[in-house]
Amino acid sequence: MNTPMNTSSNVMPESSVASQVIAHVPATRRMYWSIRRELWEYRAIYVAPLAAAAIFLFGFLIALPHHMHGVKTLDQAHEALDTPYELAAGLIMGTAFIVGIFYSLDALYGERRDRSILFWKSLPVSDLTTVLSKLTIPLIILPLLSFAIAVATQFVMLLLSSVALLGSGQNIGALWARMSFFHMSLMLLYHIATVHGLWYAPLYGWLLLVSAWAPRAPFIWAFLPPFVIWGLEKIVFQTSHFLAMLQYRLTGPEPSSAAAPHGTVMEIISALTLAQFLTTPGLWIGLIIAAAFLFAAVRLRRYRGPI
Amino acid sequence: MTVIEARGLRKAFGTTIALDGIDLRVEEGRILGVIGPNGAGKTTALNAIVGLTPYHGELRVLGRDPWTERDQLMRDVCFITDVAVLPRWIRVSQALDYVAGVHPRFDRAKAEGFLAKTNIRSTIKVRELSKGMVAQLHLAVVMAIDAKLLVLDEPTLGLDILYRKRFYDSLLNDYFDGKRTIVVTTHQVEEMQNVLTDVMFIDRGRIVLNCSMEEFESRFLEVTAHPEQVAAARALKPIHERQVFGRSILLFDRVDRNQLTEFGDVRTPTIADLFVAVMDNQSIPSQASAQGTYQGAAR
């Protein structure tokens, strides 16, 4: 990109020659730099899940001797360790989810508030590229990042408990076999891709739309309308379909009751096969709604200037 | 080559008419100063040109419709609207990285060369820079972009005179090469006078004067009249008259210089003087436009 000629900072009638050989910037490159820009601005995207992991590991380390105390059999060890693993994943992904919500609300609002939209719009990056780059953060970057951090955290936990078990003279080989670390990670990735990547898409679409539109206080504009709709429906029709719909969106598609196992969260999620998930109408309706929200956000950004 | 071509450009915000049918043609290599009172429609016109605002009427910038093709247009057009719009969280090096990443015509080495002449270090964040330094940084980025058209809307507002002077000096010395086109609005008209090749006055969404600086200099003359000659000078229908230290200064449009020298000292007015004259005397533009002298057709 940078023409090697003309490195001198002075007058450059010859630069018009250089301009003719300058190549075109491919769309993927613009997208790449737009996403990097988001990571520069919102460092919480990676700092928050990392901090959650660090805090959890610290707590785990303190509680470890207590957990291991009195553990005589492998079954007991398994039970003592199983819950913390899920808790770790849950905490990190929960943190990432919250970061995603606040990020999405600020993504298209912040640039208007600090007037920097006037700078971004002076560059050859379309509104579509900008909005899509901002969507990839909660939809792709945050889930993948929290997955990587969760797996790393769980691995550290496994090492720590192995050391603790070794100290108490247990056979750690059996622990590792029992934990089936790989399987667990795979289930987590599946959960992240389906729930966070696809099922929550309309949620992030809505937040980005509000972020692009709100004249001020995007947080209120994002959460007040659903509340008002719920209240109106309750008063006028005495029903709560809207609330049920929101709950359905937040909790995700449930496996059929017959197949529903009683167990940990991970087991419930894993009970929902990919085929079941992909044939849930709610998934496709959600994706269509998400696309509509995003289209509106792209159009809105064109009209929007600094506030 | 025509860089900007507008025909019947209109824009209204509710009942307020910001642009009331503007016809404009800016050729390659010109430096056009757009001058007008607050709320005259300058910013709206410039925003329409760079694709920040929708409009009615016809507008082509480098052959494109700025509203629907802003991102493609920005490969060849650059703009600075208002001072200090760079995001406060960005590092200087990140700003250069990003622009280098998305802009096909950005020469990073050139931008670094401009910055080397300032006190701006590449590791520093924009929020740590003074307002003047942010303007310097923005100008360094913009000047390193090989654009055909540069649009500047009050790029030096709120900066002290040193920064303003440096800003326009580097723009002229390091950037302008006779092929690029610059459109600029400013309230500091005096500082721009010797930079411009063309000047345009806008008032209430209409163009009230549009001429090249050569034409400006040959058309407008200002006479500090001897007291006994004032009456005779007035007979030549000055477009404006003002009093300074008890002496009458009369401003003439298209009156022979030799005719005027007998009334007193003759000089070319500043753009600011003419601007005040035109704005002071609202009957002048319409009267003059009836003669076809003040309208855009003059060029």
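This report walks through the overall shape of chain B and one of its sheets, as seen in a predicted model.

## Chain B as a whole

Let's start with the building blocks: chain B contains 12 helices and 13 strands. Its radius of gyration is 21 Å, close to the 19 Å that the globule rule gives for 299 residues, so chain B is as compact as a globular protein of that length. If you draw a box around the C-alpha atoms of chain B along the principal axes, it comes out at roughly 65 × 40 × 35 Å.

How much of chain B is buried? Of its 299 residues, 48% count as buried. Contacts also tell us how the chain folds back on itself. Taking the contacts in chain B with a separation of 6 or more, 69% come from residues 24 or more positions apart.

## A sheet of six strands

Now look for the open sheet in chain B, which is formed by 6 strands. Going across, their order is β5-β6-β7-β3-β8-β9, and the pairing is mixed. Why is one side of β5 and of β9 left without a neighbour in the sheet? Strands β5 (77-81) and β9 (206-212) of chain B stand at the edges and each has a single partner strand, so each has one side with no neighbour there. From one strand to the next, the twist averages 15°.

## A closer look at one pair

Within this order, β3 sits beside β8. Strand β3 covers residues 31-35 of chain B and strand β8 covers residues 198-203, and the two pair in the parallel sense over 4 bridges. To find one bridge yourself, start at B:Ile35: its bridge partner in β8 of chain B is B:Phe201.

Notes:
Residues are numbered from 1 along each chain as its sequence is written. Chains are lettered from A and ligands numbered from 1 in the order in which they are written. This is a predicted model: local features need pLDDT of at least 70, side-chain atom pairs count only at pLDDT 80 or more; totals for chains, interfaces and linings use all residues. Two strands pair if DSSP finds at least two bridges between them. Axes are lines fitted to C-alpha atoms, for helices over the stretch in contact, and angles run from 0 to 180 degrees between N-to-C directions. The radius of gyration is taken over C-alpha atoms; the globule rule is 2.2 Å times the number of residues to the power 0.38. A residue is buried if 20 or more other C-beta atoms lie within 10 Å of its own, exposed if 12 or fewer, and partly exposed in between; C-beta atoms are placed from the backbone. Two residues are in contact if their C-beta atoms, placed from the backbone, lie within 7 Å.
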